[in-house]
Amino acid sequence: MTAPADTRTVRAGGPLRGTIRVPGDKSISHRAVMFNAIAEGTAVVRNFLAGEDCLATIRCLEALGVPIVELPAGPRDGGGPSRSAFEVRGVGLEGLQEPAEILDVGNSGTSIRLLLGLLANLDGLAVLTGDASIRRRPMGRVVRLLAEMGVRIDGRSSGDRAPLAVRGGHTHGARIASPVASAQVKSAVLLAALGAEGETSFSEPVPSRDHTERMLTAMGVPVAVLGREILVTGGNRLVARSIAVPGDLSSAAFWLAAAAVVPGSELRLEDVGLNPTRTGILDILRDMGAPVELLDEADEAGEPLGDIKVASGELDAVTVGGELLVRAIDEVPIVALLMACARGRSEIRDASELRVKESDRLSAIAASLGALGARIQELPDGLVIEGPTRWKGGTVDTRGDHRIAMTCAVAALMADGPVTIHHTACTETSYPGFWDTLAEQGPIVE
Ligand code: S3P
């Protein structure tokens, strides 16, 4: 078999040191342009993550008649190829136009699920689709809940699979209880609630990331949180809100893990989002015995951020499940790598959601890290990992999943031979410039 054009080979290069700025947070970038699109006024989104996922959201908003202008990047717009700033001219909640074309979200689950909620407020028809991975992922979890609010959505597999056709415009409030803990589902419901008649309440089994609640509050929408219940009343106007997007902790996680496991390393990650619903990775690193330090903490439009310092050391085995797992939902691949480096038997539990991410991540982790020497057993809802690992060189396939690709790159930093990674272009979805930053740290990347 010939290797795909986007194959890369990584050779270990000693300790990682110095300072790294990661691109803007993916979740916050999506929300900043989407919410400002339906706000009143103009906002500037700085340090926007110009990765493929968030650019897909911008293209869809433009197709819905929202004027969005790219600005020259300034000093607060991050480094590398992800450097970007956009001005969003809000059209108001009722200002979206029926799109003349099919909205294509590419690989982005956040785009398609949040847009379903946004389109609940459009009095017209919109059709949404995406790449092969998106067309395999479950959409019924959003479609069924929005149907309870009067939104008509049809699609393949009785509305569970894209392409999806949405006819909105006549929504009413409802008491919505989601069976899955998912910020994408929650955000879709809360966006639909903005234009619904009356009050909507939303609850989920475990609290998911709360960027939507924070941003709506920062834009002047009253969001009441009563225990596990979130309440939003329809008809509130959103006031445009500029933001400099904090760095993405989910991207920083690869460097934090690399610094923790490559002997002699010490890294400082600058201006990273520290929203407590996202910081599970920091708790896990600390539980495993890694020295993690927070510095220069600040706040940006209701989102906490700061610098994170971490250094290498011996790691202990841990078990991760429940609320901690939800607070580290996107970090499971790199957490699995940390566990494979730790002494003893670690477990990941309650993670069946990982099977419906960009790939079946439990299977992809077991296959890729397993090929490089890790001892991993797959469970229906998790992984059992026996460490430490003697990492060896080899060939792995990312299955087109950006977080698997970056996890394999970190494993290569400890391997006793070159690691060849097939299908690496997917890192563009969340981390443009990842391979360049890796090479700047010393490893040879070809
Ligand atoms: C996201 C929520 C999470 C996460 C995804 C981004 C968001 O998905 O995995 O990368 O921005 O709301 P779920 O809500 O499906 O858990």
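1. Let's start with the pair R268 and D307, whose side chains form a salt bridge with 2.9 Å from N to O. This is a predicted model, so please read every value here as computed from predicted coordinates. The two partners come from distant parts of the chain: R268 belongs to strand 15 (residues 266-273) and D307 to strand 17, 39 residues apart. They also differ in burial class: R268 is partly exposed because its relative accessible area is 22%, while D307 counts as buried at 6%.

2. Strand 15 has another residue worth a look. D271 sits in that strand and has a positive phi of about 50°, although it is not a glycine. Its relative accessibility of 31% makes D271 partly exposed. A second aspartate to check is D350, again a non-glycine residue with a positive phi, here about 60°. D350 lies in the loop between strand 19 (344-348) and helix 13 (361-371), and with a relative accessible area of 46% it is partly exposed. As background, most residues other than glycine have a negative phi, and most peptide bonds are trans.

3. That brings us to the peptide bonds. A162 and P163 are joined by a cis bond with omega about 0°, and P163 is part of strand 9 (residues 161-167). The bond from G387 to P388 is cis as well, its omega being near -5°. P388 is placed in the loop between strand 21 (382-387) and strand 22 (394-397). I would have a look at both sites in the viewer.

4. Now the overall layout. The domain assignment splits the chain into domain 1, made of 8-23 and 246-445, and domain 2, covering 26-244. Domain 1 is thus given in two segments. Taken over C-alpha atoms, the centres of the two domains are 28 Å apart.

5. How much area is buried between domain 1 and domain 2? The figure is about 2700 Å², and carbon and sulfur atoms give 50% of it. On the domain 1 side, A301, E358 and T429 lose the most area to domain 2, together 20% of what that side buries. In terms of contacts, 29 residues of domain 1 meet 33 residues of domain 2.

6. The polar side of this interface is also worth describing. Between domain 1 and domain 2 there are 14 residue pairs in polar contact, with both residues at pLDDT 80 or more. Strand 17 (303-311), helix 11 (322-326) and helix 14 (402-412) are the elements that give two or more residues to the side of domain 1 that touches domain 2. The residues on that side divide into nine nonpolar, eight polar and twelve charged.

7. The interface between the domains holds three salt bridges. Let me pick out D330 and R209, whose closest N and O atoms are 3.1 Å apart. D330 lies in the loop between helix 11 and helix 12 (332-341) and R209 in the loop between strand 11 and helix 8, so this pair ties together parts that are 121 residues apart in sequence. Are these two residues buried or exposed? D330 counts as buried because its relative accessibility is 11%, and R209 likewise counts as buried at 12%.

8. For the whole model, the count comes to 32 salt bridges. One of the pairs is E204 with K186, at 3.5 Å between the closest N and O atoms. E204 is in the loop between strand 11 (199-203) and helix 8 (211-218), K186 is in helix 7 (residues 183-194), and 18 residues separate them. Both E204 and K186 are buried. Elsewhere, R345, E347, R349 and D381 are linked in a network of salt bridges. In general, side chains of opposite charge can pair when their charged atoms come close.

9. Last, a word on R113. This arginine is located in helix 3 (residues 109-119), and its relative accessible area of 2% makes it buried. What does R113 contact, leaving aside its neighbours within four places in sequence? The list is R137, P138, M139, R141, V142, Q184 and A188. With Q184, the side chain of R113 makes a polar contact of 2.4 Å. R113 and S187 are 74 residues apart in sequence, yet their C-alpha atoms are 8.2 Å apart in space.

Note on methods:
Residues numbered from 1 in each chain as written. Predicted model: local features only at pLDDT ≥ 70, side-chain atom pairs only at ≥ 80, totals over all residues. Heavy atoms only, no water. Domains from an automatic or database assignment. Contact = heavy atoms within 4.5 Å. Buried area = accessible area lost by both parts, 1.4 Å probe. Salt bridge = Lys/Arg side-chain N within 4 Å of Asp/Glu carboxyl O. Polar contact = N/O pair within 3.5 Å; in protein donor to acceptor, adjacent residues only side chain to side chain. Helix = DSSP H or I, 4+ residues; strand = E, 2+ residues; numbered from the N terminus. Nonpolar A, V, L, I, M, F, W, Y, C, P; charged D, E, K, R; others polar. Buried < 20%, exposed > 50% of the residue type's maximum accessible area, 1.4 Å probe, protein only.
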